[in-house]
Amino acid sequence: MSNIPSELKYATSHEWVRNEGDGTVTVGITEHAQGLLGDMVFVELPDVDDEISTGDDVAVAESVKAASDIYAPISGTVVEINEDLEDSPELVNSDAFGDGWLFKVKVDDAGELENLLDAEGYANSIDED
Amino acid sequence: MTNKTVLHAKHLASGAKMVDFYGWEMPINYGSQIEEHHAVRTDAGMFDVSHMTIVDVQGSDAKAFLRRLVINDVAKLTVPGKALYTGMLNEAGGVIDDLIIYFFSETNYRLVVNSATREKDLAWMDKQSAGFDITITERPEFGMIAVQGPEAIAKVATLLSDEEKAAVEGMKPFFGVQVGDLFIATTGYTGENGYEIIVPDSAAEDFWQKLLDAGVAPCGLGARDTLRLEAGMNLYGLDMDETVSPIAANMAWTISWEPEDREFIGRDVLTAQKAAGDQPKLVGLVMEAKGVLRSHQKVVTEFGDGEITSGTFSPTLEHSVALARVPRSVKVGDVVEVEMRKKLVKVTVTKPSFVRNGKKVF
């Protein structure tokens, strides 16, 4: 069973969201998702200042095996992207919940976080895969 | 029902991620397929290829049967142990499978065919054997391990007996020799030096463990695919199948047209295709921009559309490469476009081979 930190929120499409407590969230893909995708070779990120809406395809994780869309788990404005992924996309594999983060969003409505899954809910959702 | 190779427990012990591969539970990687890829290009890696099908063809008509069955001519094989890569066609000139044939004598040959096509291959061979004095014997009691990479031969040597070492000493590419329990061949699917070793089931686990102990990295099907693609080697089911002529699959070099009176299956169709000159061809595509070329993407050229048959990220070159079937008029050096995720992206046409012996070759 892969690691699913309890302090994070999750989308069924395998993104994780960390509430930074200052109106922003950090977004990445889960340990489970990187395992399914295999070695990452490119990560295409949104631009800073992009307005994104929940469910938009905003990034692409391209692994040796497949290109996979990454969806906005929450609506808001992109305020920072993980530029280390340009040269080191493998961070998504080696540290999916840490150095492999993708982008940060200033959220429009913090209430939207309540629509996401908690760790247990995500664990159940991947059991059904 | 899922088949397991004799090395299944060894894969689990090495932390393999297992996947279903045409009915076989096989390792896709042992952590990182890119690291496994680099191990083969720079040192030595090994693959469990025990799922592949070994078939012995023996009897007084063995040579005559194979001269009809496959597009290359086994009459070229005169030195015991010499191997030949070729294809087996249906009557319509489509590729039923690609295979390697080892020659031991004119009455004794060994074929290694794909596992994914095992049943249809065996059925086809059985059907075609009518009237020939031969026996066709599948040999499932063996495991097969491919050890590949610049250090592969030296690392294998550390676990061979003096007799075995003497038998493989100086063996040229594409040869095989039976020595004691082992059949050791200088063949492979990576573009590196190395061996494919057929070992009795009872000795396979021990042999694999000794290779691990000698520092040979276990490698999964993921690395096997990126390595063979960099080497420009076809994968059956992607780069060719029963609807594709060998002329359209970079397999024309495996057709023996001489002597003209050798009536191999599919000859009439191939002769007509050759005369018409209208078959597409398999080329390489190189994309240095970000992104990864994938199977089935459309290739747009001034001579008409083509299709990527296999595409991947090349860990050695650090950009994407692909094999693609395109109109024959497309030339090496041309710039064509690939439809990727709704955009047209420019790529360069190359010969269908990208990396050999660790080095870029286009």
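**Sheets, a barrel and a shared core in a two-chain model**

In chain A, A:Ile52 stands opposite A:Gly76 in strand S8. This pair belongs to the junction of S5(A) with S8(A) (residues 76–81), where two bridges join the strands and the directions are antiparallel. The model described here is predicted, and the predictor gives the complex an ipTM of 0.83 and a pTM of 0.93. For chain B, the pLDDT averages 97, and 100% of the residues score at least 70.

The junction of S5(A) and S8(A) is part of a wider arrangement. An open sheet of six strands in chain A follows the order S1-S2-S3-S9-S8-S5, with antiparallel pairing. Its edges are formed by S1(A), residues 9–10, and S5(A), residues 51–52, each of which pairs on one side only. As a general point for a reader new to sheets, strands pair through backbone hydrogen bonds, either parallel or antiparallel.

A further pairing in chain A involves S6(A), residues 57–63, and S7(A), residues 67–71, which are antiparallel to each other over five bridges. These two strands make a hairpin, with three residues between them. Within the pairing, A:Asp57 is found opposite A:Tyr71 of S7(A).

Stepping back to chain A as a whole, its secondary structure consists of four helices and nine strands. Read from the N terminus, the elements follow the pattern β-β-β-α-β-β-β-β-β-α-α-β-α. The C-alpha trace of chain A spans about 35 × 30 × 20 Å along its principal axes. A compact globule of 129 residues would have a radius of gyration near 14 Å, so the 13 Å of chain A agrees with that expectation. Of the 129 residues, 41% count as buried. Among contacts in chain A with a separation of 6 or more, 64% come from residues 24 or more positions apart.

Chain B offers another kind of sheet. Six of its strands form a closed barrel in the order S14-S17-S16-S15-S18-S19, with antiparallel pairing. On average, neighbouring strands of this sheet are turned by 40° against each other, direction ignored. One of the pairings joins S14(B), residues 281–287, to S17(B), residues 319–326, over seven bridges in the antiparallel sense. Here B:Leu282 faces B:Arg325 of S17(B) as its opposite residue. Helix H8 of chain B lies across S16(B), residues 304–314, and S17(B), and runs at about 125° to S16(B).

Helix H8(B) also appears in the surroundings of another helix, H2(B). The buried residues of H2(B) pack against H8(B) (221–230) and against four strands of chain B: S2 (24–29), S3 (45–48), S9 (142–148) and S13 (217–218). H2(B), residues 33–42, is mostly covered, with seven of its 10 residues buried. These are B:Gln33, B:Ile34, B:Glu36, B:His37, B:Ala39, B:Val40 and B:Arg41.

Finally, the largest nonpolar core of the model holds 127 residues, and the members touching the most others are B:Ile101, B:Ile145, B:Val147, B:Ile197 and B:Leu285. Strand S6(B), residues 95–105, supplies the largest share of this core, six residues. Which residues does B:Leu285 contact, leaving aside its neighbours within four places in sequence? The partners of B:Leu285 are B:Leu293, B:Ile308, B:Val321, B:Ala322, B:Ala324, B:Val338, B:Val347 and B:Val349.

Methods
Residues numbered from 1 in each chain as written. Chains lettered and ligands numbered in written order. Predicted model: local features only at pLDDT ≥ 70, side-chain atom pairs only at ≥ 80, totals over all residues. Pairing = 2+ DSSP bridges. Core = buried A, V, L, I, M, F, W, Y, C linked by C-beta atoms within 7 Å. Buried ≥ 20, exposed ≤ 12 C-beta atoms within 10 Å, placed from the backbone. Contact = placed C-beta atoms within 7 Å. Rg over C-alpha atoms; globule rule 2.2 N^0.38 Å. pLDDT = per-residue confidence, 0-100. Axes fitted to C-alpha atoms, helices over the stretch in contact; angles between N-to-C directions.
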